[in-house]
Amino acid sequence: MNFTVAIVGAGPAGLAAAYELTKKGVQDIVVIDRGKAASKRNCPMPKNYNVCAHCDPCNIMCGVGGAGTFSSGLLNLNPYIGGDLTEFTKDEDEAWELVNLVDQMFLENGAPNNLFKPDTDKVEDLERKASSADIRFLPLVQRLIGTDNACTVIERIYSQLESRGVKFLLETMVKEIEEGKLLLENGEEIKFDYCVVCPGRSGMKWLEGQMDKMGIETQYLPVDIGVRVEVPASIMEPVCEVQPDPKFHIRTSTFDDFVRTFCVNHRGFVVMEVYEDHVGVNGYSFINKKSDNTNFALLVRVGLTEPLEDTTAYGRSIASQITILGGGKPLLQRLGDLRRGRRSYWSRIERGAMKPSLLSATPGDISIGIPYRILKDILEGLEKLDKVIPGVAGDSTLFYAPEIKYSAKKVLTNKNLETKIPNMFVAGDGGGVSRGIVTAAATGIIAARGIIQKMGLDKSD
Ligand SMILES: Cc1cc2nc3c(=O)[nH]c(=O)nc-3n(C[C@H](O)[C@H](O)[C@H](O)COP(=O)(O)OP(=O)(O)OC[C@H]3O[C@@H](n4cnc5c(N)ncnc54)[C@H](O)[C@@H]3O)c2cc1C
């Protein structure tokens with residue numbers, strides 16, 4: 001089969017690349033994904049809202065919409081969140097333009113219209129409180145699609161692309177990338193003039209191998225290791241009113257390490273993720289189903305130099321250790337128990353102020369699974385945060401582990417995301433150039449524009 005452009009991965013990066021290319025009239029585009037169409041990905045909308053314990057993990061990460069389909073669908077409309085788009089744009093204005101284009105794509109396909117724009121007075125107040133606790137608050141404009149709406153929005157983007165002539169090869173794994181062609185697992189071969197490789201985090205190891213094979217340089221990025229914190233929703237209400245996913249950046253006192261809040265799910269649910277050799281935790285928030293709790297990740301950034309640079313291997317070793325300690329499930333501990341040096345039991349957790357939203361975790365002791373420095377950072381970070389969000393570091397606060405955000409190895413490219421192999425571009429989380437829906441989609445657009453430019457279709461150039 002011959003195509004002008006082959007896109008590997010139908011996540012936000014791949015879909016946005018195809019969207020941009022079709023807008024410029026590029027024909028003969030194929031998008032290949034190892035997963036299914038969004039409507040056939042039978043995963044979430046769970047009976048108990050703690051989905052991932054019960055289903056095929058590939059349904060969560062793979063298929064049309066990629067990892068974004070069953071995410072909270074929170075769009076962080078900022079070029080510096082989830083990466084730094086200005087690395088690949090001529091200036092900041094272009095980076096903002098890309099963010100707006102991505103937002104537009106979701107809006108055109110049914111994303112809710114209401115935007116969360118922080119109220120200036122409330123932001124100033126929160127910034128003041130945060131600064132006095134030595135914390136940085138990042139005010140952001142956000143749009144929440146919601147886990148329950150994301151699938152429909154993705155379906156519409158998919159139909160829209162099909163109606164523009166894009167061909168989708170689903171449930172089709174790309175095995176090898178070579179100059180000018182892709183070898184599929186089913187034995188078929190796809191020839192292309194241009195290729196955008198965007199396999200997301202589920203394909204990052206595979207991509208790394210392919211890049212090594214072709215002599216394209218990659219470099220390790222830091223890993224974020226921490227816990228998912230769960231508190232009664234009333235504690236987070238005042239800050240979530242200002243911003244649905246409030247982002248706080250903290251420097252810890254003892255080690256001067258960087259700790260941040262991430263992926264706040266106000267009135268949401270903690271979920272278990274199942275990987276090949278370990279489990280993890282994450283959070284979901286739905287538009288139509290609410291819990292009495294709020295959860296968020298509290299993450300410590302860890303970069304490694306020598307002798308071990310491989311931050312993924314380090315993160316995985318911690319995740320595996322915690323998985324062993326939890327008997328194949330995530331560990332759950334009350335902060336009060338952790339402070340007193342004792343493990344948690346269901347009986348102690350049940351006495352607390354709140355019912356955990358993830359009941360398939362194992363009460364235990366996370367301090368024997370998380371390295372000292374990281375745990376110290378988490379505790380110090382949360383104590384500081386308590387000055388801004390009173391009650392967040394109370395004894396009943398729950399910690400779930402492991403919560404680890406891996407970064408793919410960053411593929412070295414030019415500003416258009418073209419690798420040293422001519423006409424081969426990378427985009428999205430798998431190539432280490434983004435860490436979120438908006439930035440992944442924006443890098444897809446950057447790669448598409450690189451192709452458009454090379455094809456001579458860019459009239460502005
Ligand atoms: C539970 C969860 C919640 C999240 N919540 C949010 C959120 O609220 N906001 C936010 O901004 N981000 C969120 N994220 C992160 C966000 O989903 C990702 O940053 C984003 O989806 C990355 O887009 P991508 O296109 O780079 O990769 P992906 O979305 O991972 O898509 C990559 C696609 O490539 C396919 N693929 C991989 N290898 C191959 C191969 N060899 N052959 C064929 N196909 C292949 C995969 O099947 C997949 O469909 C969440 C992630 C998860 C897991």
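Strand S11 (residues 223–232) and strand S19 (residues 398–405) pair in the antiparallel sense over six bridges. Here helices (H or I, at least four residues) and strands (E, at least two) are DSSP runs, numbered from the N terminus, and two strands pair if DSSP finds at least two bridges between them. In general, strands of a sheet pair through backbone hydrogen bonds, either parallel or antiparallel. The structure is a predicted model, in which local features need pLDDT of at least 70, side-chain atom pairs count only at pLDDT 80 or more, and totals for chains, interfaces and linings use all residues. Residues are numbered from 1 along each chain as its sequence is written.

Individual partners can be followed along S11. Asp224 has Lys405 as its bridge partner in S19, and Gly226 is partnered there by Glu403. Gly226 also has a bridge partner in S16, namely Leu299. S11 and S16 run antiparallel and are joined by ten bridges. Nine of the ten residues of S11 are buried, where buried means 20 or more other C-beta atoms within 10 Å of the residue's own, exposed means 12 or fewer, and partly exposed lies in between, with C-beta atoms placed from the backbone.

How do these strands fit into the wider sheet? Eight strands form an open sheet with mixed pairing, in the order S4-S12-S13-S16-S11-S19-S17-S18. Strand S4 (135–138) and strand S18 (362–363) are the edge strands, each pairing on one side only. Helix H7 (residues 233–242) packs on the sheet, where it touches S11, strand S13 (258–265) and strand S16 (293–302), and its direction makes about 110° with that of S11. Helix H11 (residues 372–386) lies across S4, S11, strand S12 (247–251), S13 and S16, and runs at about 130° to S16. For such angles, axes are lines fitted to C-alpha atoms, for helices over the stretch in contact, and values run from 0 to 180 degrees between N-to-C directions; two residues are in contact if their C-beta atoms, placed from the backbone, lie within 7 Å.

At the edge, S4 is joined to S12 by four bridges, and the two run antiparallel. Leu138 stands opposite Lys247 in S12. Ile135 and Phe137 make up the covered face of S4, while Arg136 and Leu138 make up the uncovered one.

Some backbone details deserve a look. The peptide bond from Ala401 to Pro402 is cis, with omega near 5°, and Pro402 is found in strand S19. The bond from Glu306 to Pro307 is cis as well, with omega near 5°; Pro307 has its place in the loop between S16 and helix H8 (311–325). Asp28, in the loop between H1 and strand S2 (29–32), has a phi near 60°, a positive value in a residue other than glycine. Asp28 counts as partly exposed because it has 15 C-beta neighbours inside 10 Å.

On the larger scale, the protein is divided into domain 1 (2–111 + 145–219 + 408–455) and domain 2 (223–405), with bounds that come from an automatic or database domain assignment. The domain centres, taken over C-alpha atoms, are separated by 29 Å. Near the chain's ligand, Gly11, Gly66, Gly200, Gly203 and Gly428 come nearest of the 43 residues around it, a residue being near if its C-beta atom, placed from the backbone, lies within 6 Å.
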